[in-house]
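Open the model in your viewer and keep the selection tool at hand. The tour goes from one aromatic ring to the next.

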Amino acid sequence: MIDITRSLVPNHPNWPGDRPFTLEPTALMSEGSSVNLMSLATSTHCGTHLDAPYHYDPDGGRLATVPLELLIGEALVIEVPQEQELTPEILENWTRLPERILFYSGQPDHWETFPETFSYLAPALVHTLADRGVKLIGTDCPSVDAFSSKCLPTHQACAKRNLIIIEGLRLGGVRAGRYRLVCLPLNLPEADASPVRALLEPL
């Protein structure tokens, strides 16, 4: 199995304005406690995470509505250009698409600072993917929209076509090709998103 999840470590950068990631001890055996215990605080969009439709659609379903069977199954990893808009032309060499497509744009496996320039999907690409039977898209970038976007047209296209989004994948060193994806969120039924543990198994 190939772990494609970003490690959540101290100072892991979150989207600007989101709650910072912290993992702090609240009890220590070295100080007389019977156990070691920690407190965790972060954004629901920290690191590798799954968006529920509610995140970008006030009428969309929350995390409980995302089918678990969609998060396990055949996936295709496609290598794409760095730091530019991705259009339907990137699919020209792929005749059969599974329900899950993951885009690798060369993002590093660890972000020292939050990236503000990265590849993002054109809404036209979302519609093409949906027309070809895709139901889930993933990216190694922090968003499927450009960093500066305010109206989030690609998220809105995903809402219209019922595509589920995974962002912040760690795909360095993963070859383009077909895999079995396992990507499970925390059981947070009412949440707008959740960190995930994502794995690939070569087929």
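Four aromatic pairs turn up in a search of the whole structure, which is a predicted model.

Start by selecting W15 and F114. Their ring centres are 5.0 Å apart and the planes meet at 75°, over the 60 degrees required, so this pair counts as edge-to-face. Now show the backbone around both residues. W15 sits in the loop between strand 1 (2–3) and strand 2 (22–27), while F114 sits in the loop between strand 7 (100–104) and strand 8 (120–121). The pair links distant parts of the chain, with the two positions 99 residues apart.

Next, turn on the surface. Is F114 buried or exposed? F114 has a relative accessible area of 14%, under the 20% limit, and is therefore buried. W15, at 29%, is partly exposed.

Keep W15 selected and add F147. These two rings form a tilted pair, 5.4 Å centre to centre with 35° between the planes. F147 belongs to the loop between strand 9 (136–139) and helix 2 (153–161). This pair too links distant parts of the chain, as W15 and F147 are 132 residues apart. On the surface, F147 is partly exposed, with a relative accessible area of 24%.

Now add W111 to the selection. W15, W111, F114 and F147 form one aromatic cluster. Which residue lies over the face of W111? Select R6: it lies there at 3.7 Å from the ring centre.

For the last stop, select Y54 and R62. R62 lies over the face of Y54, at 4.0 Å from the ring centre.

Key:
Residues are numbered from 1 along each chain as its sequence is written. This is a predicted model: local features need pLDDT of at least 70, side-chain atom pairs count only at pLDDT 80 or more; totals for chains, interfaces and linings use all residues. Side-chain values use heavy atoms; hydrogens and water are left out. Rings of Phe, Tyr and Trp (its six-membered ring) pair if their centres lie within 6.5 Å; planes under 30 degrees apart count as stacked, over 60 as edge-to-face and the rest as tilted. Helices (H or I, at least four residues) and strands (E, at least two) are DSSP runs, numbered from the N terminus. Buried means under 20% relative accessible area, exposed over 50%, partly exposed in between (1.4 Å probe, protein chains only). A charge sits over a ring if NZ of Lys or CZ of Arg is within 6 Å of the ring centre and within 35 degrees of the ring normal.
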